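User: I'm new to this one and would like a walk through it. Could you show it to me and take a few questions?

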Amino acid sequence: MGRLISMYPRISQGRRALGILIDWLAAYALTLGFLSGGGTFLERSRGIGGTVLLVMGLEYLILVSLGGASFGHRIVGLKVVRFNDGGAATPVEVLIRTVLMLIIVTAITFDENGRGVNERLSNTVLVSTKN
C-alpha cells in the first residue's frame, strides 16, 4: 500500500477547490441559462440552489465516467483514476464519488495522504495531468 501512495503525489487543496468552483460556476450558468425561466437575474437566481447541485452532479457523473475528468478538472489539470491500479474509474466508483462529493463534508475531510473521504470510499484518487 505504501508503494501505491507514493505513485500518486498529493494534489493541492487549492487545485481541488478551484476545480470544484469551476464545475459549480458552469452548473450555475447552465441552470440560469436553460432552466430558470425569464425575468431579471435576481428573479431567475432565486430558489435554484437544488437545481444547480443536480446539474453539477450530472455534469460530474457524466464527464468523469466518460472521460476521467470533469470540466473543472480538465481546466486545472486533474483527472480521476482508480486508486489500486491507476486505471479508469468505473461508473459505479464515479457514482459513489459524485454522491459523496455532493455531501460537501466528505469532499473536504482528508486523511493523512490527502485523499478525501469520497475518494477513499469510492477507491479513486485525483492525479495531475500536468508535470
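Analyst: Here is a short round of questions and answers on the fold, the core and the surface. This is a predicted model, where local features need pLDDT of at least 70, side-chain atom pairs count only at pLDDT 80 or more, and totals for chains, interfaces and linings use all residues. Residues are numbered from 1 along each chain as its sequence is written, and side-chain values use heavy atoms, with hydrogens and water left out.

User: In what pattern do the helices and strands follow along the sequence?

Analyst: Helices (H or I, at least four residues) and strands (E, at least two) are DSSP runs, numbered from the N terminus. The chain has 8 helices and 2 strands. Read in order, they give α-α-α-α-α-β-α-α-α-β.

User: What share of the 131 residues is buried?

Analyst: Buried means under 20% relative accessible area, exposed means over 50%, and partly exposed lies in between (1.4 Å probe, protein chains only). By that cut-off, the buried share of the chain's 131 residues is 40%.

User: Which element gives the largest share of the largest nonpolar core?

Analyst: A nonpolar core is a set of buried Ala, Val, Leu, Ile, Met, Phe, Trp, Tyr and Cys residues joined through side-chain atoms within 4.5 Å. The largest one has 17 residues, and A27, Y60, V64, L78, V80 and L126 have the most contacts inside it. At least two residues each come from α2 (13-35), α4, β1 (78-82) and α6 (91-102). The largest share, 5 residues, comes from α4.

User: Which residues does Y60 touch, leaving aside its neighbours within four places in sequence?

Analyst: Y60 is among the core residues with the most contacts inside the core. Contact here means heavy atoms within 4.5 Å. With those neighbours set aside, Y60 meets D23, S65, S70, H73, V80, V94, R97, T98 and M101.

User: Is I75 buried, partly exposed or exposed?

Analyst: I75 sits in helix α5. It belongs to a nonpolar surface patch with L54, L58, I62, L63, L66 and F71. I75 has a relative accessible area of 46%, so I75 counts as partly exposed.

User: Which helices each supply at least two residues of that nonpolar patch?

Analyst: Together the patch residues have about 700 Å² of accessible area, from the Shrake-Rupley method with a 1.4 Å probe, where only the protein chains shown count as cover for residues. The largest share, 5 residues, comes from α4. The helices with at least two patch residues each are α4 (49-67) and α5 (71-76).

How values were computed: Patch = residues over 30% accessible without salt bridge, like charges linked within 9 Å, V, L, I, M, F, W, Y side chains within 5 Å. Salt bridge = Lys/Arg side-chain N within 4 Å of Asp/Glu carboxyl O.
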